[in-house]
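Biologist: I should like to go through this model and ask what stands behind each of the terms applied to it.

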Amino acid sequence: MRIGELAKATGTTARALRHYEQAGLISSERAPNGYRVYEEGAVVRVRNIRYLLAVGLTLDDVRVFLPCLDGDVAAAPPSDKGLRVASERLAVLNERIAAQTEARDRLEAALQQKTRGLIRPVA
């Protein structure tokens, strides 16, 4: 199947597919006219990549799952390495959330302090 067909079958874009290919997560052959041609199994692989990205993993994280991308990733028993990668990603996300929450709280406090002096009763 050509790149447009794979994109349509997986709900993604041709650009994303080229990115996955550049990252080494999927592969294609070249037709005589230069078009990328993917095997039918690429549909499952791309859906699994999209699933893993949707749960918060990065493309680098997804590489750990290469051996099982052609099966049902969501239903497969997790590997120790996969669990470690997911736990590390969760820790990174929690750190980012904490930093953003702290920044929001500081900004909110500064705004409340500044607006108290700006709001005056109408005479």
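**Terms and their grounds**

Modeller: R36 is partly exposed, its relative accessible area being 21%. The model is a predicted one, and R36 is found in strand 2.

Biologist: Why is R36 called partly exposed?

Modeller: Buried requires under 20% and exposed requires over 50%. R36 has 21%, so partly exposed is the term that applies.

Biologist: What makes the pairing of the R36 and E21 side chains a polar contact?

Modeller: The cut-off for a pair of N or O atoms is within 3.5 Å. The side chains of R36 and E21 make their polar contact at 3.0 Å. Outside its neighbours within four places in sequence, R36 is also in contact with other residues, including M1, R2, I3 and R18. The C-alpha atoms of R36 and I3 are separated by 6.1 Å, although these residues are 33 apart along the chain.

Biologist: Why is helix 1 described as roughly perpendicular to helix 2?

Modeller: The axes of helix 1 (residues 3-10) and helix 2 (residues 14-22) cross at roughly 100 degrees and come within 9 Å. Angles of 65 to 115 degrees count as roughly perpendicular, so the term fits helix 1 and helix 2. At their contact, I3, L6 and A7 of helix 1 meet A14, L17 and R18 of helix 2. The residues of that contact divide into 5 nonpolar, no polar and 1 charged.

Biologist: Which residues of helix 1 are buried, and how do you know that they lie on the same side?

Modeller: The buried residues in helix 1 are I3, L6, A7 and T10. They cover an arc of only 100 degrees around the axis, and therefore lie on the same side of helix 1. An α-helix has 3.6 residues a turn, so residues three or four places apart point the same way. The cover over the buried residues of helix 1 includes helix 2, strand 2 (36-37) and helix 3 (42-54).

Biologist: Why does R89 count as buried?

Modeller: R89 has 17% relative accessibility, and the term buried applies under 20%, so R89 qualifies. R89 has its place in helix 5 (residues 80-118). The side chains of R89 and D61 are joined by a polar contact of 2.6 Å. Leaving aside neighbours within four places in sequence, R89 is in contact with G56, L57, T58 and D61.

Biologist: What makes A98 partly exposed?

Modeller: A98, which lies in helix 5, has 44% relative accessibility; exposed requires over 50% and buried under 20%, so A98 counts as partly exposed.

Notes
Residues are numbered from 1 along each chain as its sequence is written. This is a predicted model: local features need pLDDT of at least 70, side-chain atom pairs count only at pLDDT 80 or more; totals for chains, interfaces and linings use all residues. Side-chain values use heavy atoms; hydrogens and water are left out. Axes are lines fitted to C-alpha atoms, for helices over the stretch in contact, and angles run from 0 to 180 degrees between N-to-C directions. Helices (H or I, at least four residues) and strands (E, at least two) are DSSP runs, numbered from the N terminus. Angles under 35 degrees count as roughly parallel, over 145 as roughly antiparallel, 65 to 115 as roughly perpendicular and the rest as oblique. Contact means heavy atoms within 4.5 Å. Ala, Val, Leu, Ile, Met, Phe, Trp, Tyr, Cys and Pro count as nonpolar, Asp, Glu, Lys and Arg as charged, and the others, Gly among them, as polar. Buried means under 20% relative accessible area, exposed over 50%, partly exposed in between (1.4 Å probe, protein chains only). The arc is that of the directions from the helix axis to the C-beta atoms. A polar contact is a pair of N or O atoms within 3.5 Å; within protein, one must be able to donate a hydrogen and the other to accept it, and residues adjacent in sequence count only if both atoms are side-chain atoms.
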